[in-house]
Amino acid sequence: MTSVRIPSNVLVAVMIACVGTCYGFGLSLFPQIIPDMRKDLAFDYAFVGTVTGLVQFSTVAFAVLGTWLVHRIGAARTVVASVSLCGLCLSGIPIIDNLYVVAGLLMVAGATGASTFVPMINLASRVVGSEQRGFAMSLISSAPAFGVLINSALVAAYAGSGHWQMVWYLTGAATITLAIVTHILFGRAGLFDSGTSHETRAPTAGSSASLRSIMPWVALIFALGFINGLMPYPYLTYLSPFLREELGYSVGFASWLWATIGAVGISAGFAIGTISSRLGARHAMLACYSSFLAAGALVVLDPSMELSLLSGIFFSLGFYPIYGLLPAYVSHRATPRVAVTVLGICTVFQGIGGTTGNFFGAVIKTSTQSFSGIYLAVAVAAAVAAAMTILLPKDQSVQAE
């Protein structure tokens, strides 16, 4: 049972910080800093595509590991261990000059996002009421926006002047500090206890007790998880190279666009979370996929500064909340234990999708000598995801009960 000494909004804020750190620093920093690291480490885009693809593939292993650890050592301990591991990897990247070791550290740092996020539905069910869970999960899934916003400021301040190593040192130190603070607060809140709260023991109306019983529609959730990796990650991975190397825009504009993506992402959590609470997660997901479609189409039509910025805004509106909407949808139709398993499997498919997307993104760039085909693929995948979302059962009535 959660201790009353730590308010639920403080615990949710800590959860937001953990997800924002592991995804924001561990996964989203490297794409922003690729052009600067390439100058010193001399790697090509085949390496970029391979590493970013392997990062997504490693999330598969960490999603499975995170699911297993939640059932063995608890959600809180899994989160603290993941954040700690992320901080150690971030701190090690700037002191290594071996590309293979750097690739390994990037893989592990990026993968910790999966093992940090998978336990969140369990923690949220213990500290947040069912009527606010969709909103809370939307905020938690939007947390990487904070990391991206910080990344943008750090890259502009240090990487542009040739000191990209300092960015990794600072983010690594901040992540390790967060792990210590999280351990203290989770311990005082009683989240390391094996007991469950009233929310965990009492599933919502219409929920299912087994994975098999929800397979008719959860298969669509798994497919959407795959698309959620396939579609957005190539957009981010190749954004800075597209802007700076193909289009010739300055590092200042690229950093500003990334900062805009981060800033909009923070607001997106509130906006999409409100839609989820009032209309249901299904309608909120549709809004996200429509934003992805607009983001990809704008870049294909005209990659000018103005439309590139608008594309980034649309992308951010959909990108950050979407990963909280799938577990929020499932949490109203399955027990928390089954929901953790579903989220773990979904994250596995997401990692496979991200690996596939980044790999074919490199193939598109190599074969066409342009990044624009990647953004056309993003628009097409978004349209497919929107159609699949329409096929999901309505969830509004379930949430209202």
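For these notes I call a residue buried under 20% relative accessible area, exposed over 50%, and partly exposed in between, with a 1.4 Å probe and protein chains only. I am working on a predicted model, where local features need pLDDT of at least 70 and side-chain atom pairs count only at pLDDT 80 or more, while totals for chains, interfaces and linings use all residues. Numbering runs from 1 along each chain as its sequence is written, and side-chain values use heavy atoms, with hydrogens and water left out.

**Entry 1: ring pairs**

I started with Phe-222, which is buried at 9% relative accessibility. I then listed the aromatic pairs, taking rings of Phe, Tyr and Trp (its six-membered ring) with centres within 6.5 Å, and calling planes under 30 degrees apart stacked, over 60 edge-to-face and the rest tilted. The structure has 16 such pairs.

Phe-222 and Phe-349 form a stacked pair, because their ring centres are 5.6 Å apart and their planes meet at 25°. The two sit 127 residues apart in the chain, with Phe-222 in helix 11 (residues 215-230) and Phe-349 in helix 17. My helix numbers count DSSP runs from the N terminus (H or I, at least four residues; strands would be E, at least two). Phe-349 is partly exposed, at a relative accessible area of 31%.

Next I looked at Tyr-238 and Phe-371, whose ring centres are 5.8 Å apart with planes at 35°, so I logged this pair as tilted. Tyr-238 is in the loop between helix 12 (232-237) and helix 13 (239-246), and Phe-371 is in the loop between helix 17 and helix 18, so the pair ties together parts 133 residues apart in sequence. Both rings belong to buried residues: Tyr-238 has a relative accessible area of 0%, and Phe-371 has 1%.

Which residues do ring pairs link into a cluster? I wrote down Tyr-233, Tyr-235, Tyr-238, Phe-242, Tyr-289, Phe-292, Phe-315, Phe-319, Tyr-320, Tyr-323, Phe-371 and Tyr-375.

**Entry 2: helices 14 and 18, and a loop**

I compared helix lengths with an expected span of 1.5 Å times one less than the number of residues. Helix 14 (residues 251-279) has 29 residues and reaches 40 Å from first to last C-alpha, close to the expected 42 Å. Where does helix 14 bend? I found a bend of about 30° at Ser-267, taking the angle between axes fitted to the seven residues ending there and the seven starting there. Gly-280, just after helix 14, has a positive phi of about 110°.

Helix 18 has 20 residues and reaches 30 Å between its end C-alphas, close to the expected 28 Å. Its buried residues include Ile-374, Tyr-375, Val-378, Ala-381 and Ala-385.

In the loop between helix 17 and helix 18 I checked Gln-369. Gln-369 is not a glycine, yet it has a positive phi of about 60°. Buried or exposed, then, is Gln-369? It is exposed, with a relative accessible area of 57%.

**Entry 3: empty space**

I searched a 1 Å grid over the protein atoms alone: a cavity is a set of points where a 1.4 Å probe fits but cannot get out, a pocket is an open set with protein on both sides within 12 Å along at least five of seven lines, and lining residues have an atom within 4 Å of a point. Points are joined across faces, edges and corners, and a volume is the space filled by probe spheres set on them.

The second largest pocket holds about 170 Å³. Helix 17 (336-368) and helix 18 (372-391) each supply at least two lining residues, and helix 17 gives the most, with 5. Among the lining residues I noted Leu-230, Met-231, Phe-360, Ile-374 and Val-378.

I counted 5 cavities of 30 Å³ or more. The largest has about 140 Å³ of space. Its lining has 15 residues, with Leu-27, Pro-31, Thr-52, Gln-56 and Thr-237 nearest the centre. Helix 2 (29-41), helix 3 (45-73) and helix 12 each give two or more of them; helix 3 gives the most, with 4 residues.

The second largest cavity has a volume of about 100 Å³. Helix 16 (305-331) provides the largest share of its lining, 3 residues. That lining includes Tyr-233, Phe-319, Tyr-320 and Tyr-323, which I had also listed in the ring cluster.
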